[in-house]
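Please read the points below with the sequence and the 3D view side by side, and look up each residue as it comes up.

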Amino acid sequence: MTQWIEGTISEIIHWTGNLFTLKIDAEVDGFTAGQFTSLALDINGERIARPYSYLSAPNQRPLEFFFYTATNGLLSNALVELNPGDSVWVKKQSTGFFVLDEIPECKNLWMLGTGTGVAPFFSILNTEEPWERFENIVLVHAVRTLADLRYQEIVRSLEQKHTDQFLFQAFISREEIPDTFNGRIPASLEDRTLEKKLGLDLQPDNSHLMLCGNPSMVKESSEALKRRGFKKHRRRTPGHITTENFW
Ligand SMILES: Cc1cc2nc3c(=O)[nH]c(=O)nc-3n(C[C@H](O)[C@H](O)[C@H](O)COP(=O)(O)OP(=O)(O)OC[C@H]3O[C@@H](n4cnc5c(N)ncnc54)[C@H](O)[C@@H]3O)c2cc1C
Ligand SMILES: NC(=O)c1ccc[n+]([C@@H]2O[C@H](COP(=O)([O-])OP(=O)(O)OC[C@H]3O[C@@H](n4cnc5c(N)ncnc54)[C@H](OP(=O)(O)O)[C@@H]3O)[C@@H](O)[C@H]2O)c1
C-alpha cells in the first residue's frame, strides 16, 4: 500500500515560465540513484499523484526534483504554485529499474535525456559508482531553448572532477547556439555526428545507452540504434539500450 508522508517545500526555483525545481524536506526511505517516487497534492478533495524521478543523489538533502509544467497538466500546474513552507505529499518508498544495478558491464556509458529527463542521470552521476565502473561517461541534454538548459553548474563540476572520463553535449533544437547541436538526438545517432563530435566510439561491443524523457525521442533513438546492431536490454536477454519514458 502506498505510504504517503508529508514533505515541506524548502525552496522553489522558477527557471523559466514553465520549468522549475522543487527542494523538499521529507523523511523518505532510502532509494537507489535513478529511481522515482510519487508526489501528490490534494486538489478539490482528491489526491492527485504522479511519478517524479529524483534529481538529487540518495545521500543528498533536501530532496530535489526538476519539472516542466505540462500543457493543461493537473499536478505540474499546481506544484509550480507552491511556496517555501508549503506541504506536499511524498511517497515514502521509491521504485524503478532505471538504475546502474540493471546495466551490464561495458566500457562506455551513454546517458541521453530530453528536458527534465536528465534528472535521474544527475542523481546517478552524483554517486561514486559510475566513475568506478565505466571508462567513459557521456551525458547528453536535449532541450528546446538555451533557457531550458539548466543544471550546467553540476555539469561543470563533473567535468572538473572527472576530466578524462566525462563528456557532455547539449542539443538545442529551436535556437542556434555555438558548441551545441541544433537538432534532435535520433538524427545524430543515425548519421553518427554525435560520436564524431565527441571523438568516442559508439559500438554494441563497447557501449550501453540509457535513454530518458520524451517517449518519441526514446522510440526514435532506439530504432536508429537497432539499425546499427544495438539491442534493447532485458535481464534475460542482455542488450545495450535501457529506457525510461516520462509520459
Ligand atoms: C518514471 C517517471 C518519472 C517522471 N519524472 C518526471 C520528472 O522528474 N520531472 C517531470 O517534469 N516529469 C516527470 N514525469 C512526468 C510526470 O509524472 C507527469 O506526467 C507530468 O508532471 C504531468 O503531470 P500533470 O498532472 O501535470 O499532467 P496530466 O494532467 O497528467 O496530463 C498531461 C498530459 O500531457 C502528457 N504529459 C505528461 N507529462 C508530460 C511532459 N513532461 N511533457 C509533455 N507531455 C506530458 C500526458 O500524457 C497527459 O496527456 C515522470 C514520469 C514517469 C513515468
Ligand atoms: N506552455 C509552454 O509554453 C510550454 C513550453 C515548453 C514546454 N511545455 C510543456 O512541457 C513539456 C515538456 O517540454 P520539453 O521542452 O521537455 O518537451 P520536449 O518536447 O520533450 O522537448 C525537449 C527536446 O526533445 C526534443 N524532441 C521532441 N520530440 C523528439 C523526438 N521525437 N525525437 C527526438 N527529440 C525530440 C525537442 O526537439 P524539438 O524542439 O525539435 O521538438 C527538444 O529538443 C511539453 O511537451 C509541454 O507539455 C510547455
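In which loop does N72 lie?

1. This is a predicted model, and the question above makes a convenient way into it. N72 lies in the loop between β5 and α1, the latter being residues 76-79. Although N72 is not a glycine, its phi is positive, at about 60°. Most residues other than glycine have a negative phi, and most peptide bonds are trans. With that background in mind, please check the backbone of this loop in the 3D view.

2. A second backbone feature to look up is the peptide bond that joins R61 and P62, which is cis, with an omega of about 0°. P62 is found in the loop between β4, residues 46-53, and β5.

3. Turning to the overall layout, the domain assignment divides the protein into domain 1, covering 4-91, and domain 2, covering 100-245. The C-alpha centres of domain 1 and domain 2 are 25 Å apart, and 20 residues of domain 1 make contact with 17 residues of domain 2.

4. The size of an interface is often given as the accessible area lost when the parts come together. Between domain 1 and domain 2 this buried area comes to about 1500 Å², and carbon and sulfur atoms give 63% of that area. On the side of domain 1, the residues that lose the most area to domain 2 are L55, F66 and Y68, which together account for 38% of what that side buries.

5. What kinds of polar link cross this interface? Between domain 1 and domain 2 the count of salt bridges is zero, while five residue pairs are found in polar contact across the interface, with both residues at pLDDT 80 or more. On the side of domain 1 that touches domain 2, the elements giving two or more residues are β1 (4-16), β2 (19-25) and β5 (63-68). Of these, β5 gives the largest share, namely four residues. By residue type, the side of domain 1 that touches domain 2 divides into 12 nonpolar residues, seven polar ones and one charged one.

6. Aromatic rings deserve a separate look, since a search of the whole structure finds 11 aromatic pairs. In one of them, the rings of F20 and F67 have centres 4.7 Å apart and planes at 10°, and the pair therefore counts as stacked, the planes being under 30 degrees apart. Because F20 lies in strand β2 and F67 in strand β5, this pair ties together parts that are 47 residues apart in sequence.

7. F20 appears again among the neighbours of I13, a residue placed in strand β1. Leaving aside residues within four places in sequence, I13 is in contact with L19, F20, T21 and K23. How far apart are I13 and T145 in space, C-alpha to C-alpha? The distance between I13 and T145 is 18 Å, and they are 132 residues apart in sequence.

8. The structure holds 10 salt bridges, and one example can be followed easily in the 3D view. R133 forms a salt bridge with E129, where the closest N and O atoms are 3.2 Å apart. Both R133 and E129 lie in helix α3, residues 129-133, with a spacing of four residues, or about one turn of the helix.

9. The last point concerns T180, which is found in the loop between β9 (166-172) and α5 (185-190). A polar atom of the T180 side chain lies 2.7 Å from the backbone oxygen of I177. Not counting residues up to four places away in sequence, T180 also touches Q169, A170 and I172.

Methods: Residues are numbered from 1 along each chain as its sequence is written. Chains are lettered from A and ligands numbered from 1 in the order in which they are written. This is a predicted model: local features need pLDDT of at least 70, side-chain atom pairs count only at pLDDT 80 or more; totals for chains, interfaces and linings use all residues. Side-chain values use heavy atoms; hydrogens and water are left out. Domain bounds come from an automatic or database domain assignment. Contact means heavy atoms within 4.5 Å. Buried area is the accessible area (1.4 Å probe) that two parts lose on being put together, summed over both. A salt bridge is a side-chain nitrogen of Lys or Arg within 4 Å of a carboxyl oxygen of Asp or Glu. A polar contact is a pair of N or O atoms within 3.5 Å; within protein, one must be able to donate a hydrogen and the other to accept it, and residues adjacent in sequence count only if both atoms are side-chain atoms. Ala, Val, Leu, Ile, Met, Phe, Trp, Tyr, Cys and Pro count as nonpolar, Asp, Glu, Lys and Arg as charged, and the others, Gly among them, as polar. Rings of Phe, Tyr and Trp (its six-membered ring) pair if their centres lie within 6.5 Å; planes under 30 degrees apart count as stacked, over 60 as edge-to-face and the rest as tilted.
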